[in-house]
Amino acid sequence: MRVTVSFVDLLHRTVNTLIHHRHLLWFALPFGLFAAISLELSESLPSLTTTPPIDGSDLLMTLRQNSSLFFWTFGGIFLSGIFRSLLRGPFFLAFEKSMTTPEESTDHHPSNLRTKTHLQASLTSLIFEGMYWAMVILLVIIVSLPILLALRFNQSAVPTITELALLLILIIGTLFFFLKEFALLYALLAHTKIKLSLELSLRLFKKHVLLTLLFGLFIIVLSLLFTFPANLAIIASDFISPTWLRVGFRWISLSSIFGISILLEEGLRLTFFHALAATPQIKIPGIEAILQKKKDATSSTPLA
């Protein structure tokens, strides 16, 4: 069934939910902090890629010479991703509750029950995130085999094969990402098992492929808009003379900007999922039902 979803309306609903339920804004602090940590760590990598390695031996030499930097950089980014994944589950539950309950209502569940629910949500989010990255890593390994063979037997074909491999990783990785997001929301909100969540997410994605891809582009554009204030904050921090004040301003401003950006993106994903999953289904009668209806109408027609 075709549905029409206004992304602007979804954004308006998300912003209203965050404004009227300000306790959700507390999630911006850890979200923004982990995003800022990932940014600061990733900025140490470009110096290693100024002279790209020509073959595998140069790559191994680069890794040996900068093994400690690689270890701490990717380790920090990996841990930041884990903590962000653990936060997504409780945020989705809190945002869902804020969308379905009035502002003045309070949660009467015991604190230990809420803690258990949030821990389960965090674990579920981490499991789906781990499954996604495991599939991506497996995909990268599979598409890297032709590149390794080309390096061994036909190096002139390496650029073409590499471009095709990157395109394949981008397409399949994007499809896996949307399936993972839908399956995670099914598991969190409908309490379905992993297998059933994946089946439901696949059905939902098949029904709304184009709309889902357009929504992904909308999220990308929204993220790019937040890069402008982030760049302004970085430029403004360069004009602050005390080192401690410059570093503090940079961390606080980037954490705030990234935190608000992530809250909007995650809230939009949930409202978009609601718009698709809550679409009423129109039941089309089968041919037997149509014939039976005609037969009943004919038999009830009075004779002249």
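**Close-up views of a predicted model**

**View 1. Ile127 in helix α5.** Ile127 has a relative accessible area of 36% and is therefore classed as partly exposed, a term that covers values between 20% and 50%. The model shown here, as in the other views, is predicted. Ile127 belongs to helix α5.

**View 2. A nonpolar patch on the surface.** Ile127 is joined in this patch by Leu123, Met131, Ile194 and Leu198, and the accessible area of the five side by side comes together to about 380 Å². Two or more residues of the patch are supplied by each of α5 (111–153) and α7 (194–207). The greatest share comes from α5, which provides three residues.

**View 3. The largest nonpolar core.** This core comprises 50 residues, and Phe7 and Phe272 have the most contacts inside it. At least two of its residues come from each of α1 (7–20), α2 (28–42), α4 (67–100), α5, α6 (158–189), α7, α8 (209–237) and α9 (243–277). Helix α9 makes the greatest contribution to this core, with eleven residues. In soluble globular proteins, nonpolar side chains tend to be buried together.

**View 4. The surroundings of Phe7.** When neighbours within four places in sequence are left aside, the residues in contact with Phe7 are Leu211, Leu214, Phe215, Phe218 and Phe272. Phe272 is also named with Phe7 as having the most contacts inside the largest nonpolar core.

**View 5. Another core, apart from the largest.** This separate core has seven residues, including Leu139, Val143, Ala150 and Val158.

Note on methods:
Residues numbered from 1 in each chain as written. Predicted model: local features only at pLDDT ≥ 70, side-chain atom pairs only at ≥ 80, totals over all residues. Heavy atoms only, no water. Patch = residues over 30% accessible without salt bridge, like charges linked within 9 Å, V, L, I, M, F, W, Y side chains within 5 Å. Areas by Shrake-Rupley, 256 points an atom, 1.4 Å probe, with all protein chains shown as cover. Salt bridge = Lys/Arg side-chain N within 4 Å of Asp/Glu carboxyl O. Helix = DSSP H or I, 4+ residues; strand = E, 2+ residues; numbered from the N terminus. Buried < 20%, exposed > 50% of the residue type's maximum accessible area, 1.4 Å probe, protein only. Core = buried A, V, L, I, M, F, W, Y, C linked by side-chain atoms within 4.5 Å. Contact = heavy atoms within 4.5 Å.
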